[in-house]
Amino acid sequence: MRKYSRWPIGAEVRHKPIRGGAMLYDASRAGNADASWFDRQWWSGRGVVRQSAEGRGSAVFIDADARQLVLRHYRRGGWMARLLGDRYFWQSEPLTRSYIEWHLLYVMHRAGLPVPVPIAACYFRAGRWSYTADLLTEQIPAASSLASRLQVEPLPLSGWIAVGRCLRRFHDDGVDHADLNAHNVLLDEAGTVWLVDFDRGQLRHPGYWCDGNLVRLRRSVEKITEHLPPERFSEADWASLLDGYFTASRASAA
């Protein structure tokens, strides 16, 4: 893992107690940050919430004060969702899902990786043993997911190469995306590739987990394109992604 991926936390990072919990925020981007920023109804009351074309689960898209933001409420999946809903087991403040992801985004953004800019994170205690959490980031402008792109049209080979190069940047810096799938890979109008949704992500020394990330992404793409025309995803597409991935590796080693 490159040394510049281990940025210290700057003076702009502030901690603020709020009713029922606490929040972490970047004062250089949100000097007036308040607990209301994590309330979907508060944003709705201002008339600034808009629907996402992709309907990304619990994410709320906000257009406010000439800024585009994404508010995401952490929700469990699978059978745990039926049991605990949106609550998580309380260990300590630094180990809340929102704080961990906010810090990871902060580090990656300062290292120059293509990720959303973190604005604020919070948690609210839900009894003695659990909590709920939210994360507020800047939205990546004019970007759509690889999943939605493939639903409409094939991605050119140059696009697959760009995805491979992007993934290699993250892996070389030791970023393990815990849920690397076609919904979390975004492409903007300039062809730049971004990664989003780093819940449970972590910094690790590169290893076999890198291959696991790639396998997970391929399975996701195959599932999405299973009933689409065959030109939406082919072996040539995946070969191009791998070519970009390994070419980027050789370039960084040179």
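**Note on aromatic contacts and a small sheet**

1. Tyrosine 88 and tyrosine 131 are both buried. In this predicted model, they belong to a wider aromatic cluster, whose members are Tyr88, Trp90, Tyr99, Tyr123 and Tyr131.

2. The structure as a whole holds 11 aromatic pairs. One of them joins tryptophan 37 to tryptophan 43 in a tilted arrangement, with the ring centres 6.3 Å from each other and an angle of 55° between the planes. Tryptophan 37 has a relative accessibility of 10% and therefore counts as buried, since the cut-off is under 20%. Tryptophan 43, at 2% relative accessibility, counts as buried too.

3. Tyrosine 88 and tyrosine 131 also form a tilted aromatic pair, for which the centre-to-centre distance is 5.9 Å and the planes make an angle of 35°. This pair links distant parts of the chain, given that tyrosine 88 lies in strand E6 (residues 88-89) and tyrosine 131 in strand E8 (residues 130-138), with the two tyrosines 43 residues apart.

4. Two arginines deserve a look alongside these rings. Arginine 125 places its charged end over the ring of tryptophan 90, at 3.9 Å from the ring centre, and tryptophan 90 is itself one of the residues in the aromatic cluster that includes Tyr88 and Tyr131. The charged end of arginine 72, for its part, sits over the ring of tyrosine 74, 4.8 Å from the centre of that ring.

5. Turning to the sheet, 3 strands form an open arrangement in the order E9-E11-E12, and their pairing is antiparallel. Strand E9 (143-145) and strand E12 (193-195) stand at the edges, and because each has a single partner strand, one side of each is left without a neighbour in the sheet. From one strand to the next, the twist averages 35°.

6. Which residue of E11 stands opposite serine 145? The partner is leucine 186, and the strands concerned, E9 and E11 (residues 185-188), pair in the antiparallel sense over 3 bridges. In general, the strands of a sheet pair through backbone hydrogen bonds, in either a parallel or an antiparallel manner.

7. A helix should be considered together with this sheet. Helix H5, which spans residues 157-172, lies across E11 and E12 and runs at about 45° to E12. E12 is thus described by two statements, for this strand stands at an edge of the sheet and is also one of the strands that H5 lies across.

How values were computed:
Residues numbered from 1 in each chain as written. Predicted model: local features only at pLDDT ≥ 70, side-chain atom pairs only at ≥ 80, totals over all residues. Heavy atoms only, no water. Phe/Tyr/Trp six-rings, centres within 6.5 Å; stacked < 30°, edge-to-face > 60°. Buried < 20%, exposed > 50% of the residue type's maximum accessible area, 1.4 Å probe, protein only. Helix = DSSP H or I, 4+ residues; strand = E, 2+ residues; numbered from the N terminus. Lys NZ or Arg CZ within 6 Å of the ring centre and 35° of its normal. Pairing = 2+ DSSP bridges. Axes fitted to C-alpha atoms, helices over the stretch in contact; angles between N-to-C directions. Contact = heavy atoms within 4.5 Å.
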